[in-house]
Amino acid sequence: MSNEIVFFDLETNVPKKPGQKFWVLEFGAIVVCPRKLVELESYCTLIRPGDLSAVGVNPARCHGISRGTVLKAPGFEEVADKIFKILNGRIWAGHNIRRFDCVRIREAFKEIGRPAPEPVALIDSLPVLSERFGRRAGDMKMASLANYFGLGEQKHRSLDDVRMNLEVLKHCATVLFLESALPGVLEDQWQKHISPSITTRSRSNLMAFSDVAQMKQYGNSYNRKHKVAIVGSLIHFEIL
């Protein structure tokens, strides 16, 4: 088991027709030491989809990827070895990866007839921050969190978004640390302005039953229970 955390992000096309599939257009990842958040290695590659018509001539998003961007990029099969090596056997982390990026990775490897990489655990910063940080940043999407902290515009490019994810986590951890130091003073300030209809998940129920069921798709790792917590400026991971 590796204690290294790999933060990763995928860029894909946006299906516009019934039955149209997702194609991975870019993969970006940064491997970090969990104790110091020191970057150990990084990797990013554009990927040419099997169906170029699924990618618009113009980018679907500002700063996004167009058909011309991926025209001469390698196909997924050409970069699969590197993607497998950087992901397999590590702790996976990212924003909304459980529902989107992890699914797309499995689909892409299945498409080329190869076993997908497996994580030893998952840290999805979307539910973690929604529970720990509350909904003070609105819908808690990466763009909303970046705007909340004044980190600039989300680029919708894999490596840029991974680095933004790390910066958001550091900012959230700092705020939570300061609030924990003065729980009766700082913590209450934002809660006064939160709508009563917005609720956060119990800390004891951070990984829901449905999430555990999803982890079964990753093979041997489902035999472990995982708990993720942000403590101060560290991402703390425990195997129970």
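**How are α4 and α6 oriented relative to each other?** In this predicted model, they are roughly parallel to each other. The legends below take that helix pair, then move on to other close-ups.

**Figure 1. Helix α4 running alongside α6.** Here we look at α4, which spans residues 125–132, next to α6. Their axes come within 12 Å and cross at roughly 20 degrees. With the cut-off for roughly parallel set at under 35 degrees, that crossing angle is why the pair counts as roughly parallel. The handedness of the crossing, as α4 passes α6, is left-handed. On the α4 side, the contact is made by S125, L129 and R132, while α6 brings in N165, V168, L169, C172 and L176. Sorted by class, that gives five nonpolar, two polar and one charged residues. The spacing of contact residues along a helix has a simple background: an α-helix has 3.6 residues a turn, so residues three or four places apart point the same way.

**Figure 2. Helix α4 on its own, from cap to exit.** Zooming in on α4, what sits at its N-terminal end? D124 caps that end, with a side-chain oxygen 3.0 Å from the backbone nitrogen of L126. Beyond the helix comes G134, with a positive phi near 75 degrees. Six of the eight residues of α4 are buried, so the helix is largely enclosed by the rest of the structure. The buried ones are S125, V128, L129, S130, E131 and R132. Of these, S125, L129 and R132 also turn up in the contact with α6.

**Figure 3. Helices α2 and α3 crossing obliquely.** This view shows α2, residues 76–87, packed against α3. The angle between them is about 130 degrees, and their axes are 11 Å apart. That makes α2 oblique to α3. As for handedness, the α2 and α3 crossing is left-handed. From α2 come F76, A80, I83, F84 and L87, and they meet I105, A108 and F109 from α3. Count up the classes and you get eight nonpolar residues, no polar and no charged.

**Figure 4. F109 and its surroundings.** Staying with α3, which covers residues 97–111, we zoom in on F109. Is F109 buried or exposed? It counts as buried, because its relative accessibility is 0%. Leaving aside neighbours within four places in sequence, F109 touches F76, A80, I83 and F84, along with R114, P115, A116 and P117. The first four of that list, F76, A80, I83 and F84, belong to the α2 side of the helix contact. For a backbone ruler, take A80: its C-alpha atom is 7.6 Å from that of F109, although the two residues are 29 apart along the chain.

**Figure 5. R104, a buried arginine in α3.** R104 also lies in helix α3. Its relative accessible area is 10%, so R104 is buried. Its side chain makes a polar contact of 2.9 Å with the side chain of E107. Which residues does R104 contact once neighbours within four places in sequence are left aside? Those are L10, T12, F22 and V24.

**Figure 6. Q154 reaching out from a loop.** Q154 has its place in the loop between α5 (142–148) and α6 (158–181). Despite the loop address, Q154 counts as buried because its relative accessibility is 14%. The Q154 side chain has two polar partners in this view. One is the backbone nitrogen of A143, 3.3 Å from a polar atom of the Q154 side chain. The other is the side chain of D161, which joins that of Q154 in a polar contact of 3.1 Å.

**Figure 7. Two non-glycine residues with positive phi.** These are worth a look if you check backbone torsions. L37 has a phi near 55 degrees, which is positive in a residue other than glycine. L37 sits in the loop between β2 (24–32) and β3 (39–46), and it counts as buried because its relative accessibility is 18%. N96 is not a glycine either, yet its phi is positive at about 65 degrees. Its loop links β4 (91–94) and α3. At 29% relative accessibility, N96 counts as partly exposed.

**Figure 8. Stepping back to the protein chain.** The secondary structure comes to eight helices and seven strands. Of the 240 residues, 43% are buried. Among contacts between residues at least 6 apart in sequence, 65% join residues at least 24 apart.

Definitions and conventions:
Residues numbered from 1 in each chain as written. Predicted model: local features only at pLDDT ≥ 70, side-chain atom pairs only at ≥ 80, totals over all residues. Heavy atoms only, no water. Buried < 20%, exposed > 50% of the residue type's maximum accessible area, 1.4 Å probe, protein only. Contact = heavy atoms within 4.5 Å. Polar contact = N/O pair within 3.5 Å; in protein donor to acceptor, adjacent residues only side chain to side chain. Axes fitted to C-alpha atoms, helices over the stretch in contact; angles between N-to-C directions. Parallel < 35°, antiparallel > 145°, perpendicular 65-115°, else oblique. Left-handed = near helix turned anticlockwise from the far one by under 90°. Nonpolar A, V, L, I, M, F, W, Y, C, P; charged D, E, K, R; others polar.
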